[in-house]
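Me: I would like to go through this structure and ask how its descriptions are justified. Here it is.

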Amino acid sequence: MSIHEIKLPFIVVVGSRVLGKTAGVLEALGGRPGDLVGIVTGRSTFEVAGREVAENLKAGGFRVRVFEAGEASVGVAEKIAEQVRGENVSFVLGVGGGRSIDLAKFAAGKAGARMVSVPTAPSHDGIASPFASLKGLERPTSVYATTPSAIIADTGVISRSPRRLILAGVGDLLGKFTAVKDWRLAHRLKGEYYGEYAAQLALMSAKHVLRYHELIASGSEEGVRILVEALISSGVAMCIAGSSRPASGSEHLFSHALDILAPGRALHGEQVALGTILMLYLYGDRRWRLVRDVMRKIGLPTRADEIGIPVETIVKALTIAHKIRPERYTILGENGLTWEAAWRLVKETGVA
Ligand SMILES: NC(=O)C1=CN([C@@H]2O[C@H](COP(=O)(O)OP(=O)(O)OC[C@H]3O[C@@H](n4cnc5c(N)ncnc54)[C@H](OP(=O)(O)O)[C@@H]3O)[C@@H](O)[C@H]2O)C=CC1
Ligand SMILES: O=C(CO)COP(=O)(O)O
Ligand SMILES: [Zn+2]
């Protein structure tokens, strides 16, 4: 049997006003006063949480260096990694959305530093995953970076994030319905490794947000906590699987295709959720209507005009999605969808 090494986060702190625990968490991980800590953060997220984290670290005797999170590309991530290595940074903190966390993860992994994930929004399940989704390689891809040593999720900060980001997190998790179906399909048809435990764990996060969608969409701290825990749990499923397979299938390929054709128009989780309706329909899974209705109810876009992407672009994305990661077999098969099939699909699901 092949060796399968699973690395999980050591410390997970979830709750109100926990940013003030950052220095303590780093000490618990072996950090010492005087150590240099890198903080990868965006402009808004620095104001929302980065500044407080930096002040807490300085008060705890750590030295701090802030890196501005640019686009989530290999080029930007490599530059941060070079500085992290050159300046002997001990810990790299990703303070922000998925972009800041992915850049921090990649830089820490490359430079051999430890990484701590400090999400400011519940918009994606990369919070606990060991992978960084970066552009700028041949195709959009998940690069193994490093498992975050710790997660500090302040539910006060996160529940004040824009509603769109909260709904996007629900969307990213709904995607596990089709991601797990695709994984099983690839196992049966292509003999790909499949781990039932990781699959069930990912699936549970999708079922969980479906069940608690009203509470989550209320934006209350209680609802956001449920979402954050499910996002962390889906990330742990990726740690266990050793790939993003349990969390990323045809619905993610569709989202990656949209990132190429219409970059910056919609959030990752919004695109994934739309893809989930489409791929569930392709599977003949009647839950496509349930997922669509819940999305409509909470305010996730279910139509081309709502997501702000022309329907022709959505159809094009459906026809090229299978080429994004050909080694990852999904319901889209090896040849993908024809234009005719893609048009039929968007019409029958009400996307067009
Ligand atoms: N590695 C993995 O396993 C996974 C990775 N991903 C990746 O994550 C990314 C998507 O993450 P997402 O968070 O949607 O995108 P971003 O990180 O780009 O965040 C979207 C916007 O939200 C802002 N923001 C975040 N938190 C707050 C807040 N509390 N208040 C105000 N504004 C806020 C950000 O500000 P600012 O400009 O300051 O950053 C940014 O402008 C994609 O690149 C995707 O590929 C997604 C799932 C899994
Ligand atoms: O977004 C992800 C899981 O939600 C990661 O997916 P990818 O492996 O497709 O980049
Ligand atoms: Zn995702």
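Me: Which residues come nearest to ligand 1 in this predicted model?
Reply: Gly42, Gly97, Gly98, Arg99 and Gly126 come nearest, out of 31 residues around ligand 1. A residue is counted here if its C-beta atom, placed from the backbone, lies within 6 Å of the ligand. The elements that give two or more residues to this shell are α2 (43–59), α4 (98–111), β6 (131–134) and α6 (163–174). By class, the shell around ligand 1 holds 10 nonpolar, 16 polar and five charged residues. Gly counts as polar in this scheme.

Me: Why is ligand 1 said to lie between domain 1 and domain 2?
Reply: Domain 1 (11–160) and domain 2 (166–349) both give residues to the shell around ligand 1, so the ligand lies between them.

Me: What makes up the shell around ligand 2, and how much of it comes from each domain?
Reply: The residues around ligand 2 are Asp125, Phe131, Ser133, Ser142, Asp172, Ser244, Ala247, Ser248 and His252. Domain 1 and domain 2 each give at least three residues to the shell around ligand 2. By class, two residues of this shell are nonpolar, five are polar and two are charged.

Me: How are the two domains of the chain placed, and what forms their contact?
Reply: The domain assignment gives domain 1 (11–160) and domain 2 (166–349). Their centres, taken over C-alpha atoms, are separated by 26 Å. The contact takes 24 residues from domain 1 and 29 residues from domain 2. On the side of domain 1 that touches domain 2, the elements giving two or more residues are β1 (11–15), β8 (150–154) and α5 (155–159). The largest share of that side, four residues, comes from α5. The residues of that side divide into 11 nonpolar, 11 polar and two charged.

Me: Why are helices α8 and α10 called roughly antiparallel?
Reply: Helix α8 (residues 196–211) and helix α10 (residues 221–241) pack at an angle of about 165°. Angles over 145 degrees count as roughly antiparallel, and α8 and α10 are therefore roughly antiparallel to each other. Their axes are 8 Å apart, and the crossing is left-handed.

Me: What makes the contact between α8 and α10?
Reply: On the α8 side, the contact is made by Tyr197, Ala198, Leu201, Ala202, Met204, Ser205, His208 and Val209. On the α10 side, Leu227, Ala230, Ser233, Ser234, Val236, Ala237, Ile240 and Ala241 take part. By class, the contact of α8 with α10 has 12 nonpolar, four polar and no charged residues.

Me: How do you know that α11 and α12 are oblique to each other?
Reply: Helix α11 (residues 250–261) and helix α12 (residues 268–282) pack at an angle of about 130°. An angle over 145 degrees would count as roughly antiparallel, and 65 to 115 as roughly perpendicular. The value for α11 and α12 falls in neither range, nor is it under the 35 degrees set for roughly parallel, and the pair is therefore oblique. The axes of α11 and α12 are 8 Å apart, and their crossing is right-handed. The contact is made by Ser250, Glu251, His252, Phe254, Ser255 and Leu258 of α11 with His268, Gln271, Val272, Gly275, Thr276, Leu278 and Met279 of α12. These residues divide into five nonpolar, seven polar and one charged.

Me: Why are α15 and α16 also called oblique?
Reply: The axes of helix α15 (residues 311–324) and helix α16 (residues 339–348) cross at roughly 125°. That value lies outside the ranges for roughly parallel, perpendicular and antiparallel, and α15 and α16 are therefore oblique to each other. Their axes come within 9 Å, and α15 passes α16 in a right-handed crossing.

Me: Which residues meet where α15 and α16 pack?
Reply: Val311, Ile314, Val315, Leu318 and Thr319 in α15 meet Trp339, Ala342, Trp343, Leu345 and Val346 in α16. By class, this contact has nine nonpolar, one polar and no charged residues.

Note on methods:
Residues numbered from 1 in each chain as written. Chains lettered and ligands numbered in written order. Predicted model: local features only at pLDDT ≥ 70, side-chain atom pairs only at ≥ 80, totals over all residues. Domains from an automatic or database assignment. Axes fitted to C-alpha atoms, helices over the stretch in contact; angles between N-to-C directions. Left-handed = near helix turned anticlockwise from the far one by under 90°. Contact = placed C-beta atoms within 7 Å.
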